[in-house]
Amino acid sequence: MRAFYALLLCLFALVAHAKHVVQNWDVTYVTTNRGLNQTPKRGIGVNGKLPLPVVEAELGDTLVLNVRNSLDTPTSLHSHGLFQRGTNYYDGVAMTTECSIAPGTNFTYYTKIEQAGTFWIHGHTHEHNFDGLRTPLIIHDPKDPNQVEKEFLFAAEDWWPITFQESLAILMQPHGPGNPYTSPPYTLINGVNGSLVEPLHFEPGKTYKIRLVSMMSLPLWEFVIDDHELMVVEVDGVATKPKAVSVVRLAPGQRVAVLVTAKPNKSMNYQYHMTTFGDYLPLIPGVYPQQINSTVVYTANAPVFVPHAIPSEPFDELSIEALEYMPVMAADRSLFFNATYGFSPDDVAYESFNLVAYSSPKVPSMFSALTTGEMSLNPITYGPSTNAQVLKYGEVVEMVYWSATRIPHPQHLHGHAFQVIEKGHIGDVTGESRRRVPEKGFSPMMRDTVMVYSGEYVIVRFKADNPGAWIMHCHFDWHIGQGLNMLFISAPQLMQKTLSVPKSVVDQCARQGIPVSGNVVGHNSFNIDGAPKPPELIINRFY
């Protein structure tokens, strides 16, 4: 009986500790240059301001996002990295899990916080992320074994003086793409001009946590502290075994948390560096690359350490292990995704997986999965332009990402994290470049966004244990708009038994005249006449 009452007390304490973290956001246009030497543009902010407020919560809380859409176009919000188990309808992807929030209306996202770590929230309709609708989401674990003196946050974003729609029109104009780089971006750190970043103040012997969030739309960036070791302890919201590195490189959508132990004395100060770059980007002085420097202060007036060089290297996922032991999962099926670039017959440029450029269905795919019975098992139900793959519950899916173009791709999967298994060069016939994690005694690192560099392949595996409609896409905003997306329908018949869509989600569709039943075009049959069709693409082998 005592054990029973003790259990009740523990449950009561857990419930009492959990809370609702409420954010009231009026999504509005904000005309600004963000403090940069640029022409102001019409960005997208919250409550008339940019940047958005950083959102913080604790494991077990419920995040409540009360959203008012004061734009003249639909919008939505995606909590990047959160699995949304049982709440697929709050994943925030237009025409996949919802119809977006109609202009002039309100909507509330309720998310039970079941993961701790470093995440972010961003717009997922019309790539509103590009225009400023983005902010870090930090979820603390009260039982975090890594106790630190203080936490620091560095969220990097690129701010363009043109809007997403303006830049996409340049890239997708008929008769070949134009050059959007005539209006280049600059880097913001924590929402302000990178040149204004503040010093870090360290005390000898203390340990600090630094969270790095890439809210970039295009470039890579690296973080370094001179003569200090960075101990990786979390990647994309998944805890890792500690791994010492000298530099952390992040692609758009990725997050990394590191521990830094301060020097034992105050004899010197140091610098930290954030460098924005990408060998796939044009060389623009002060932009690509752009280096942002500030000071790590131990004491005033101490000399500043001068390094021989600032290190730069890719992030080595294959050498890092997940903290929670899970050996290499055995694959039940393997899927091949070639990131291809091509032109339609009228010379419009598209990005695609396996030459299928994505376009949205006329019925959100989640609703198609929920309302078509056994037809939900057939990919054609979701239309040819979604490139849908239907998954069995619990099967382990291997994905082989392949990038034969000159542009890399940060591939992001919603609703899951995957093990990173193998990497190599696609033209390597000898196997010299092939690197693979050990099959036994090793727990591969898990993440939700992996960088596939030009001329390389990456193999990842995930378990389809989260029923829902989940999109996978490149996290370069332009590539999303150009079609580099595809759809996983995970356990649709289990979805039909377990997923109950709130009336508020359905109401948003009704306001916009969007059907919520049937296949890609709303028919309760295999008749998909009128479904969006992907363009016939001619591959550009020189891109």
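**Close-ups of two sheets and a helix**

**View 1. Five strands make up an open sheet, in the order β23-β32-β31-β25-β29.** This is a predicted model, and the pairing in this sheet is mixed. Look to the edges for β23 (389-391) and β29 (449-452), each of which pairs on one side only. Going from one strand to the next, the twist averages 20°.

**View 2. Here we zoom in on β23 and its partner β32 (residues 485-490).** The two strands run parallel and are joined by three bridges. To find your way around, start at Q389, which stands opposite F488 in β32.

**View 3. Now for an open sheet of seven strands, again with mixed pairing.** Reading across, the order goes β11-β10-β9-β13-β18-β15-β16. The edges belong to β11 (192-193) and β16 (238-245); each has a single partner strand, so one side of each is left without a neighbour in the sheet.

**View 4. Within the seven-strand sheet, this close-up picks out β15 (residues 230-235) and β18 (residues 255-261).** These two pair in the antiparallel sense, over four bridges. A handy landmark is V232, whose bridge partner in β18 is V258.

**View 5. Helix α2 (residues 164-171) and its buried residues: F164, S167, L168 and L171.** Seen down the axis of α2, these buried residues fall within an arc of 100°, so they line one face of the helix. What do the buried residues of α2 pack against? Their partners are β22 (349-353) and α4 (477-482).

Note on methods:
Residues numbered from 1 in each chain as written. Predicted model: local features only at pLDDT ≥ 70, side-chain atom pairs only at ≥ 80, totals over all residues. Heavy atoms only, no water. Buried < 20%, exposed > 50% of the residue type's maximum accessible area, 1.4 Å probe, protein only. Arc of directions from axis to C-beta. Contact = heavy atoms within 4.5 Å. Pairing = 2+ DSSP bridges. Axes fitted to C-alpha atoms, helices over the stretch in contact; angles between N-to-C directions.
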